[in-house]
Amino acid sequence: MNVLILTSVLLIFSIIIFWETTVLALRKRKIKMFLPFFVIGVLMCFNGAFTFYKLYVHYLWGLIELGQLVVFVWVLVNIRREKWD
Amino acid sequence: MRLRTAVALVCFVFALVGSIFGTCVTYSVADRILTEGVYNHLEMVVQSRAGHVETFLEGRKGTAEQLSASVVIEDFLSIDENDSEYDNKLGLVHKRLGKTVDLVDSILSTGVLDENGVLVASTTPSLIGTDYSELGYFQEAKREIAFGIVESPGKARFFGVGAPVVDSETGEFLGVVGINVNLEYLDKITTERTGLGETGEVYIINDEKLLMTSSRFLEDGVFIQKVETENADLCYEEHIKRDAKEHIGHEIIMPFLDYRGEKVLGAHQYISEVQWCLLAEIDEAEALGEPRREFIGSALFISVIVIFFIVLAGFFVGGWFEKIYLRKKKIVKEPCRFVKLLSKVKLGYFFVLGLGFAVGYFFVVAFFFRGWQNVKFFDAVPDLMIFVVAFMIFGCGFRFLNSFFIWGGLLVAVGKLVEFPLQEYVVSLGVLEPTFFLLMCWILVYAMNFVGILLILYAFREVVK
């Protein structure tokens, strides 16, 4: 039951992120800028799936963390590139 | 950023760091006290069981001594095989030996060896005539009472006690009296489960480190299973180093792997009379796992409550400061001095500060759980690097005066700070099925991560033209 709750939470979070990212990307017409958020949504889905199948394997955890790290670096690079100040 | 938010933020960071350090220190002290308690208990167990074993051995030694002083056996060994009285005296010896076996439960058989080591009388007649001169303990028993392991015929498990028979008048060596003691009587002492929980066990090994008594986990390990553990090594090494006749249970401070490969806590006692070691061991998971789990659970719960109230207090105090500040300066919607200061800080400094904190945090948390040597770096490093990057996004928020970036970066960073010890907790205890407590913790971590990402996304909505 707990596993199911955790999986559902992750999937709901990823769906919200997908939805918001899609809406913003289409409204601003800058898909490249919002691409990292799609990736983070996908990673969340994978995390949910691994949780559902009880794949508590260290290297899978590591892979997801690594993916998240890449995404956050990507976001930081996008912020720096825009020079909003 | 408003002054109120900044004060609450500072309070949050201080409360988080303070509670982590406080919990770590308390945990290490509590863990040490708990471990010492387990060791003291194990030491008490080994001392009392070794006392029983020694009393048992003393009893059998006494039996051998009594037999060796028997006039019947002395007379029998003094006469020649061809003497007419030989058969008569042999009968008397057999009667004497048989009586000893009948009277003492733990004795399987007894026998008399002549000066050349040949068995001349025995309660097992089929063995009469066997040459035991090469037997180690026969050589020793020529001089004094000796204990030794005898190759057992069939499935019988026993050890021998030999005592020299000498002529009471001339002191001439005549032969040896040997008794075979049933090892099952030692099992009765060592397999008593009182005070040892589900995984605790007491067993004896000989000087070749072979198991001598039944094990709780092995069916047929006696004289087969070799016990090459730290506990066994220490027992013999310390005895040799000290060159002492006897030494009492030195605890091993760190848990070690037992003969099954399980992590255990243990104590030992050397039994000098027979050069055996009596070892008491209990699984670390059973002895310390549950109290540790309870402590961590309570510590996390208390930390969350404390952090919440400190942040709340910071929020109100910040609001009060803000009111005074705005009234004095009559400034409306101007970022406070703290925010202005942070907005001038270069992103590189945020990187260095975040990295320094992450490395320190990593060592503290790793020490708290399994020791930094045992951390899986390919998992821990990305976690901490995400913290550093999120902290830089937080820094960017000040530079661009965008509260979405500030809160988003902060939430992701703090989420990672909470996630790292949580992962270590799960891995160190090997919890596969998340309990309700773990479920709540994971939801908290995922929610912080999710809200953080969403805020960063909204920051993009505000700034992307």
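The questions and answers below work through how some descriptive terms apply to this predicted model.

Q: How do you know that strand β6 of chain B is largely enclosed by the rest of the structure?
A: A residue is called buried when its relative accessible area is under 20%, and five of the five residues of β6(B), which spans residues 201-205, are buried, so the strand is largely enclosed by the rest of the structure.

Q: What makes both faces of β6(B) count as covered?
A: In a regular strand the side chains alternate between the two faces of the sheet. In β6(B), E201(B), Y203(B) and I205(B) lie on one side, V202(B) and I204(B) lie on the other, and all of these residues are buried.

Q: Which strand is joined to β6(B) by bridges, and what makes the two count as a pair?
A: Two strands pair if at least two bridges are found between them, and five bridges join β6(B) to strand β9 of chain B, residues 276-283, with the two strands running antiparallel. Within this pairing, I204(B) stands opposite L278(B) of β9(B).

Q: Why are helix α1 of chain A and helix α12 of chain B called roughly parallel?
A: Angles under 35 degrees count as roughly parallel, and α1(A), residues 2-28, packs against α12(B), residues 436-463, at an angle of about 0 degrees, with the axes 10 Å apart. The two helices are therefore roughly parallel to each other.

Q: Which residues meet where α1(A) packs against α12(B), and how do they divide by kind?
A: The residues that α1(A) brings to the contact include I5(A), L6(A), F13(A) and E20(A), while those of α12(B) include W442(B), Y446(B), F450(B) and R461(B). The residues of this contact divide into 19 nonpolar, two polar and three charged.

Q: What makes β2 and β3 of chain B the edge strands of their sheet?
A: Five strands of chain B form an open sheet in the order β2-β1-β5-β4-β3, with antiparallel pairing, and β2 (119-122) and β3 (146-149) are its edge strands, since each pairs on one side only. From one strand to the next, the twist averages 25 degrees. At one edge, β3(B) pairs with β4(B), residues 158-166, in the antiparallel sense over four bridges, and G148(B) stands opposite G160(B) there.

Q: Which helices lie across strands of this sheet, and at what angles do they run?
A: Helix α1 of chain B, residues 3-68, lies across β1, β3, β4 and β5 of chain B and runs at about 35 degrees to β4(B). Helix α2 of chain B, residues 71-78, lies across β1, β2, β4 and β5 of chain B and runs at about 130 degrees to β5(B).

Q: Why is R29(A) called exposed?
A: The word exposed applies to a relative accessible area over 50%, and R29(A) has 75%, so it is exposed. This residue sits in the loop between α1 and α2 of chain A, and its phi is near 55 degrees, a positive value in a residue other than glycine.

Q: Why does Q275(B) count as partly exposed?
A: Partly exposed residues fall between the 20% and 50% limits, and the relative accessibility of Q275(B) is 36%, so it counts as partly exposed. Q275(B) is found in the loop between β8 and β9 of chain B, and although it is not a glycine, it has a positive phi of about 55 degrees.

Definitions and conventions: Residues are numbered from 1 along each chain as its sequence is written. Chains are lettered from A and ligands numbered from 1 in the order in which they are written. This is a predicted model: local features need pLDDT of at least 70, side-chain atom pairs count only at pLDDT 80 or more; totals for chains, interfaces and linings use all residues. Side-chain values use heavy atoms; hydrogens and water are left out. Buried means under 20% relative accessible area, exposed over 50%, partly exposed in between (1.4 Å probe, protein chains only). Axes are lines fitted to C-alpha atoms, for helices over the stretch in contact, and angles run from 0 to 180 degrees between N-to-C directions. Angles under 35 degrees count as roughly parallel, over 145 as roughly antiparallel, 65 to 115 as roughly perpendicular and the rest as oblique. Contact means heavy atoms within 4.5 Å. Ala, Val, Leu, Ile, Met, Phe, Trp, Tyr, Cys and Pro count as nonpolar, Asp, Glu, Lys and Arg as charged, and the others, Gly among them, as polar.
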